[in-house]
Amino acid sequence: MDDVDRKILAELQQDGRLTVTELAARVRLSVSPCHRRLRELERSGAISGYRAVVDPGAVGLTFEALVFVSMRQEDRDTVAEFEKALAGIPHVIDAQRLFGEPDYLLRVATADLAAFQRLYDERLATLPGVQRLTSTLVMKHVVRDRPLPA
């Protein structure tokens, strides 16, 4: 990956809907070489997909919480069951497995506090291997969906 590839990635992170012609102009390449580089970035996995960035509030998800999960058991089967069940909960919009304590960090978006409580009690607290859940509410986003540095 060279500087031109990094420029292509930076431009697409700012606006993933650029045409190849627009992208080529911004990175100062002709269309064919730009297109070849773009396809290679996709083929190599440097670009893993394209998507719309949706404002959660615009679709009624105005409540957000971070949930820290400590596991009772961390054997391979329990972790696999937990992660599979977690993947089936649409309101969990981001999840990371961590080293140390806690074991997982979840980002959860719901319509309101009552919906979060139901999700917490009925789904999150019943996940396989969970020992403890600790939550904190998101007051505001200071940095969100920032493009990766070049």
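**Entry 1: the β2-β3 pair**

I started with Gln96 and found that this residue stands opposite Leu105 in β3. This is a predicted model, so I am reading computed geometry throughout. Further along the pair, Val92 stands opposite Val108 in β3. I then looked up how the two strands run: β2 and β3 are antiparallel and are joined by 5 bridges.

Next I went through the hairpin connection. There are 6 residues between the strands of this β2-β3 hairpin, and Gly100 there takes a positive phi near 85°. I also checked the peptide bonds here, and the one from Glu101 to Pro102 is cis, with omega near 0°. Pro102 belongs to the loop between β2 and β3.

**Entry 2: the sheet as a whole**

In what order do the strands of the open sheet lie? I read off β2-β3-β1-β4, 4 strands with antiparallel pairing. β2 (92-97) and β4 are the edge strands, each pairing on one side only. From one strand to the next, the twist averages 20°.

I put a helix on top of that picture: α5 (residues 113-122) packs on the sheet and touches β1, β3 (104-110) and β4. The direction of α5 makes about 135° with that of β3.

Then I took the pairings of β1 one by one. With β3, β1 pairs in the antiparallel sense over 7 bridges, and Val67 has Leu106 as its bridge partner in β3. With β4, β1 (residues 63-71) again pairs in the antiparallel sense, over 7 bridges. For Phe68, the bridge partner in β4 is Thr134.

**Entry 3: β3 and Thr110**

How many residues of β3 are buried? I count 7 of its 7, so to speak a strand that is mostly covered. On one side I find Tyr104, Leu106, Val108 and Thr110, and on the other Leu105, Arg107 and Ala109, all buried.

I picked out Thr110, a residue of strand β3, for a closer look. Why do I file Thr110 as buried? Its relative accessible area is 2%, and the cut-off for buried is under 20%. I listed its contacts, leaving out residues up to four places away in sequence: Thr110 touches Gly60, Leu61, Thr62, Phe63, His91, Ala115, Phe116 and Leu119. The side chain of Thr110 also has a polar atom 3.0 Å from the backbone oxygen of Asp112.

**Entry 4: the nonpolar cores**

I turned to the cores with a general expectation in mind. In soluble globular proteins, nonpolar side chains tend to be buried together.

Which members of the largest nonpolar core touch the most other members? Of its 19 residues, they are Val67, Val69, Phe82, Leu106, Val108 and Leu124. At least two residues of this core come from each of β1, α4 (76-87), β3, α5 and β4. The biggest giver is β1, with 5 residues.

Apart from this core I found another one, of 12 residues, among them Ile8, Leu12, Cys34 and Leu41.

I went back to Phe82 for its contacts. Not counting residues up to four places away in sequence, Phe82 touches Val69, Met71, Tyr104, Leu127, Pro128 and Val130.

**Entry 5: Leu133 on β4**

Leu133 sits in strand β4 (residues 130-137). Buried or exposed? I checked Leu133 against its relative accessible area. The value is 14%, and Leu133 therefore counts as buried. Its contacts, with residues up to four places away in sequence not counted, are Val67, Phe68, Val69, Tyr120, Leu124 and Ala125. I also looked up one C-alpha distance: Leu133 and Tyr104 are 29 residues apart along the chain, and their C-alpha atoms are separated by 9.6 Å.

**Entry 6: residues 1-62**

What does UniProt place at residues 1-62? The record, an unreviewed entry, has the feature "domain: HTH asnC-type" there. I compared that with the model: over residues 1-62 the chain is 55% helix and 0% strand. The end C-alpha atoms of this stretch are 39 Å apart.

Within this part of the chain I stopped at Arg28, found in the loop between α2 (20-27) and α3 (31-44). Phi of Arg28 is near 60°, a positive value in a residue other than glycine. Arg28 counts as exposed because its relative accessibility is 76%, where the cut-off is over 50%.

**Entry 7: one last backbone check**

I finished after β4, in the segment that holds Asp145. Asp145 is a residue other than glycine with a positive phi, near 50°.

Note on methods. Residues are numbered from 1 along each chain as its sequence is written. This is a predicted model: local features need pLDDT of at least 70, side-chain atom pairs count only at pLDDT 80 or more; totals for chains, interfaces and linings use all residues. Side-chain values use heavy atoms; hydrogens and water are left out. Buried means under 20% relative accessible area, exposed over 50%, partly exposed in between (1.4 Å probe, protein chains only). Contact means heavy atoms within 4.5 Å. Two strands pair if DSSP finds at least two bridges between them. Axes are lines fitted to C-alpha atoms, for helices over the stretch in contact, and angles run from 0 to 180 degrees between N-to-C directions. UniProt positions are given in the numbering used here, feature names are shortened, and annotations may be inferred rather than shown by experiment. A nonpolar core is a set of buried Ala, Val, Leu, Ile, Met, Phe, Trp, Tyr and Cys residues joined through side-chain atoms within 4.5 Å. A polar contact is a pair of N or O atoms within 3.5 Å; within protein, one must be able to donate a hydrogen and the other to accept it, and residues adjacent in sequence count only if both atoms are side-chain atoms.
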